[in-house]
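Subject: Structure for you to look at

Hello,

Here is the structure I promised to pass on. Please open it next to this message and follow along.

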Amino acid sequence: MTVKVHLEVKGAVVSAEGDQAFVEATIERWKHLLEREMERTVPVATQPRELAHAPNPGADPSQQYDSVFAMHNDRIKIIATIPGSSKAEQTRNVALLLLYGEHLRGADEVTAESIKDACVDQGCYDNKNFATHLKSLKPKVVMDPKPGGDYTVKLTAPGRKSVKELVERLNNQ
């Protein structure tokens, strides 16, 4: 079984992939760097606002962005009016918003089917062009085809930065 870990504390990064013994040995070998950076880390109460919005498994994004997201049956619903002058632009914005909401909950990827459902909810789903609209989001997202025709979509760092600005703007309207 392959184990993968990636730890970052300020300027220190430890990343390892392999069997469990190798990963544990790598962490042990380099943990002094992480500990040293943790000693220099600002206490949580005084950290900048961006760090307060870091991914948190199981978190409720509607508590942070109550004008953008709502939770319903343990699913994220977008409640903000979606910007965009075309279905293509609205579809891209829905995808980015849903991906960011899931990112805040600790989920790395979302199925295209979930994005489609969110687009249907928002009235911007275009059956013939949906996949094309999502593909046009590169480099903000990466897509991974799955057996049976479905695929997953994941935000990249540039995508998170871009959509965070959108979410904050929509939340302040």
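Below is what turned up, starting with the helix packing and ending with some backbone details. Please keep in mind that this is a predicted model.

**Helix α4 and its neighbours**

A good place to begin is α4, which covers residues 87-104. This helix has 18 residues and spans 25 Å from its first C-alpha to its last, close to the 26 Å expected at 1.5 Å a residue. Of those 18 residues, 15 are buried, so α4 is largely enclosed by the rest of the structure. After the helix comes Gly106, with a positive phi near 100°.

One packing partner is α7 (residues 157-171): the two axes come within 10 Å and cross at roughly 95°. Angles of 65 to 115 degrees count as roughly perpendicular, so that is how α4 sits relative to α7. On the α4 side the contact is made by Asn93, Leu96, Leu97, Tyr100 and His103, and α7 brings Arg160, Val163, Lys164, Leu166, Val167 and Leu170. Sorted by class, this contact has 7 nonpolar, 2 polar and 2 charged residues.

α4 also packs against α5 (residues 112-122), at an angle of about 120° and with the axes 9 Å apart. These two helices are therefore oblique to each other, and their crossing is right-handed. Here α4 uses Thr91, Val94, Ala95 and Leu98, while α5 offers Ser114, Ile115, Ala118, Cys119 and Gln122. That contact divides into 6 nonpolar, 3 polar and no charged residues.

**Backbone details**

Most residues other than glycine have a negative phi, and most peptide bonds are trans. With that in mind, have a look at the loop between β3 (69-72) and β4 (75-78), where Asn73 is found. Asn73 has a positive phi, near 50°, and is exposed, with a relative accessible area of 65%. Asp74 lies in the loop between β3 and β4 as well. Its phi is also positive, about 60°, and at 58% relative accessibility Asp74 counts as exposed.

Another spot to check is the peptide bond from Lys138 to Pro139, which is cis, with omega near 10°. Pro139 is in the loop between α6 (130-135) and β6 (141-145).

**One more residue**

Finally, Gln64 belongs to helix α3 (residues 61-64) and is partly exposed, at 27% relative accessibility. Its C-alpha is 9.7 Å from that of Glu168, although the two residues are 104 apart along the chain.

Best wishes

Terms used: Residues numbered from 1 in each chain as written. Predicted model: local features only at pLDDT ≥ 70, side-chain atom pairs only at ≥ 80, totals over all residues. Heavy atoms only, no water. Helix = DSSP H or I, 4+ residues; strand = E, 2+ residues; numbered from the N terminus. Buried < 20%, exposed > 50% of the residue type's maximum accessible area, 1.4 Å probe, protein only. Axes fitted to C-alpha atoms, helices over the stretch in contact; angles between N-to-C directions. Parallel < 35°, antiparallel > 145°, perpendicular 65-115°, else oblique. Contact = heavy atoms within 4.5 Å. Nonpolar A, V, L, I, M, F, W, Y, C, P; charged D, E, K, R; others polar. Left-handed = near helix turned anticlockwise from the far one by under 90°. Expected span 1.5 Å × (residues − 1).
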